[in-house]
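Let's take a walk through this structure together, from the place where the chains meet to a few spots inside them. Keep the 3D view open as you read.

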Amino acid sequence: MFIDGRQVPSGTILETDIAIIGAGAAGITLARAFINDQRRVMLIESGGFDLDAETQALYEGESQGVDYPLDAARLRYFGGSTNHWGGFCRPLAEIDFEKRDWVPYSGWPITRADLDPYYTQAQQVAQLGRALTITDFDDTAGWARRNLGSPLPFADDSFVTRFFIYSAPLRFGEAYRDEIAHAPNISAYLNSNVLEIVPDAAARRVERLRLATLAGNEFEVRPKLCVLAGGGIENARLLLLSNSVQPAGLGNGNDLVGRFFMEHVHVPGQIALIAMDDKGSIPAYYDEPKAIDDAHVRAILMPSDAYLRRERRLGLNIAIYPMRPAGAEGAPEAERPSEAGIAQLLRLQSAGSGATIFGASCAAEPIPTPDNRVTLAAARDALGQNRSRLIWRPAIEEHRDLARNVDALGQSFGRWGRGLVKALFTEKPDWPEDEIGWGNHHMGTTRMATDPKQGVVDADARVHGIDNLYVAGSSVFPTGGPVNPTLTIVALTLRLADHIKSISLAGRV
Amino acid sequence: MNQSRRDVLAGIGACGAVTFAGAGAATFLLAPGFDRAEVSNLLALLADRQAAAKIGAAWLGRHSAYAGSWDALPKLVAERLVQSGWRGGNIDALRAQVADIVRADFAANAIEDVDGWRISRFQAQLCGLACLDASRPRLA
């Protein structure tokens, strides 16, 4: 059932078993996990079914460091940011969960194996088809050989072929709207904004949620258990705004809420050009998504785990695509002579008839950094709430590793003998602003850690010190890995649903 | 033949503007164990030598020891081939041998940066040869 919060009389007090704040990928996934369950679920969404400028403006904020578009980088209506999602899916790798002594603050309190069954379920939720099992994501060379033909046969182990699997992309709000509407135990309140999560006097349990709408009415929800699923920036913001009992913000006794913000830097344009002796040297399934049974997959290049451990580097993923014949029209005038010469060097080895230039673009793994953070700005939104202030500057170590990984890519293609690489992204003492793009992936601001001094939520995603408050979404990621977060968000949420069901059976909900 | 360093550098400066006289012009590349026909074959691997020579000019611009002599780089290239096990053969065998050397360079991180392109040291040296060959005065 959907209810327009603007129609709820001011002063109304609503009760529920589970309140879910936010109806994006995490919130909708969690609500669906409880359909036909005995517990009453309230799904609370700030927006309606469509983008509304006044509601979207609640996302406006300030940024320091990188000039970051806080209002454009996410969407505030039913379905959340899946409404502009690109559909890229890939699980994090085992190494992404590990403590790596060369990556500060790395290490999850759970492993990839803990998430594997949930990744499998998440593939169904994101409607990714069944062409790849979770194991296939790790043995992609074997999967590619069986289904698509041999991947690039590098002579060294530095780079390996892996796959993104593509969602349609699924708009969670559209896809699951009817299910939510007809679920007898789910009430979805639209146009309803949580202003504060109010705990008891000891700040050990959430007692109530204060809500308001842009129409001016205010009401309360009293849940037995609350899950914050508002996105990587808004989760931190709402905890910081929930300060009537704990002045520093709810769950912020160790000054960690909002810290460790991470984004995947997407360098604008190409990080490298790759001259190949023959366009066919790179199979077409690297260029664009390829349909396999009921799935769409595209190959990418990633550093192998062995390479990352050996070289002590951050990860990345590289997409490659054909651009033009080497030295041909379309190449910048200044590039043509050297491209023609490079083509000669490729012919020297393979006696091919020409060379093709491929572009290489990337997304890179961020370093968790406490100074990159979400705080509250002095300016307030239309509901009187402090706006977000995002402080984000990618670390120079991220730049260094990316440049060195590009060099390693050149070495791998050279050793193979079929291609040569031009590095467009090279080491610099500072990270120039024009080399910073982003993926709209907001991670880390309520990071997961066993120790309350190291993280905001525990391994079950429960806020340390508060019995009935949980967080869903990429804000719990301690590290971000080098791939898009949505599949992991959904997997973690399904794991959280199982956890809540288990504690419910123990009589707490 | 006794050109000065200035002659060589002047020739390299004009590298790329020279009209090639064909593979047979590369008669300077002589070293023990490397005969005249193989010299021709080596440069013949570079079908568009003028394009390769431009890469070579950029590389020679940063390697003055080879830019100042007609003989040093040819000797180095020939020795590298022989040291890699080259015992003679046709152009296809030479192509395979060069490919082996290039892969070995990349494996050993013997990589040169020319205009951002990461090429092997031997590839750079071959391009340097093409440049020298293009810039060398043709004596009657």
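**A walk through the model**

Glu196(A) makes a good starting point: with a relative accessible area of 5%, this residue is buried. Please keep in mind that you are looking at a predicted model. The partner of Glu196(A) is Arg210(A), and their side chains meet in a salt bridge with an N to O distance of 3.3 Å. The two residues belong to distant parts of the chain, 14 residues apart, with Arg210(A) in strand S9 (residues 206-212) of chain A and Glu196(A) in strand S8 of chain A. Arg210(A) has 27% relative accessibility and therefore counts as partly exposed, since the buried class requires a value under 20%.

That pair is one of many, as a search over all chains finds 42 salt bridges in the whole structure. Another to look up joins Arg100(A) to Glu365(A), whose closest N and O atoms are 2.8 Å apart. This link also spans distant parts of the chain, 265 residues apart: Arg100(A) sits in the loop between helix H3 (94-97) and helix H4 (112-125) of chain A, while Glu365(A) sits in the loop between strand S16 (356-364) and S17 of chain A. Arg100(A) is buried, with a relative accessible area of 2%, and Glu365(A) is buried with a value of 2% as well.

Chain B offers a local example. Here Asp100(B) and Arg103(B) form a salt bridge, with 3.1 Å between the closest N and O atoms. The two are 3 residues apart in helix H6 (residues 91-107) of chain B, so about one helical turn separates them. Asp100(B) counts as partly exposed at 43% relative accessibility, and Arg103(B) counts as partly exposed at 31%. Back in chain A, salt bridges can also share partners: Arg74(A), Arg76(A), Glu234(A), Arg237(A) and Asp381(A) are joined in this way into one network.

Two members of that network, Glu234(A) and Arg237(A), bring us to H8(A), where both are buried. How many residues of helix H8 (residues 234-241) of chain A are buried? The count is 8 of the 8, so the helix is largely enclosed by the rest of the structure. Alongside the two charged residues, the buried set includes Asn235(A), Ala236(A) and a run from Leu238(A) to Leu241(A). What lies over them? The cover for the buried residues of H8(A) includes strand S2 (13-21), strand S8 (193-199), strand S10 (218-228), strand S17 (373-380), strand S18 (386-392) and strand S20 (469-471) of chain A.

Next, find helix H6 (residues 140-147) of chain A, which contains Thr140(A). Thr140(A) is buried, with a relative accessible area of 3%. A polar atom of the Thr140(A) side chain lies 2.5 Å from the backbone oxygen of Thr161(A). Beyond its neighbours within four places in sequence, Thr140(A) is in contact with Arg90(A), Thr161(A), Arg162(A) and Phe163(A). Ala144(A) lies in helix H6 of chain A too, and is buried with a relative accessible area of 0%. Its contacts, again leaving aside neighbours within four places in sequence, are Gly149(A), Pro151(A), Phe163(A) and Tyr285(A).

Finally, turn to the place where the two chains meet. There, 27 residues of chain A are in contact with 25 residues of chain B. The area buried between the chains is about 2300 Å², and carbon and sulfur atoms give 64% of that. On the chain A side, Gln344(A), Leu348(A) and Gln349(A) lose the most area to chain B, together 27% of what that side buries.

Polar and charged groups take part as well. Between chain A and chain B there are 8 residue pairs in polar contact. The elements giving two or more residues to the chain A side are strand S12 (272-276), helix H10 (336-350), helix H11 (396-416) and strand S19 (419-423). H10(A) gives the most, with 12 residues. By class, this side has 13 nonpolar, 9 polar and 5 charged residues. The rule finds 2 salt bridges across the interface, and Arg118(B) meets Asp407(A) in a salt bridge of 2.7 Å, N to O. Strands pair here too: S19(A) runs antiparallel to strand S2 (residues 117-120) of chain B, joined by 2 bridges. Within this pairing, Lys422(A) has Trp117(B) as its bridge partner.

Notes:
Residues numbered from 1 in each chain as written. Chains lettered and ligands numbered in written order. Predicted model: local features only at pLDDT ≥ 70, side-chain atom pairs only at ≥ 80, totals over all residues. Heavy atoms only, no water. Contact = heavy atoms within 4.5 Å. Buried area = accessible area lost by both parts, 1.4 Å probe. Salt bridge = Lys/Arg side-chain N within 4 Å of Asp/Glu carboxyl O. Polar contact = N/O pair within 3.5 Å; in protein donor to acceptor, adjacent residues only side chain to side chain. Helix = DSSP H or I, 4+ residues; strand = E, 2+ residues; numbered from the N terminus. Nonpolar A, V, L, I, M, F, W, Y, C, P; charged D, E, K, R; others polar. Pairing = 2+ DSSP bridges. Buried < 20%, exposed > 50% of the residue type's maximum accessible area, 1.4 Å probe, protein only.
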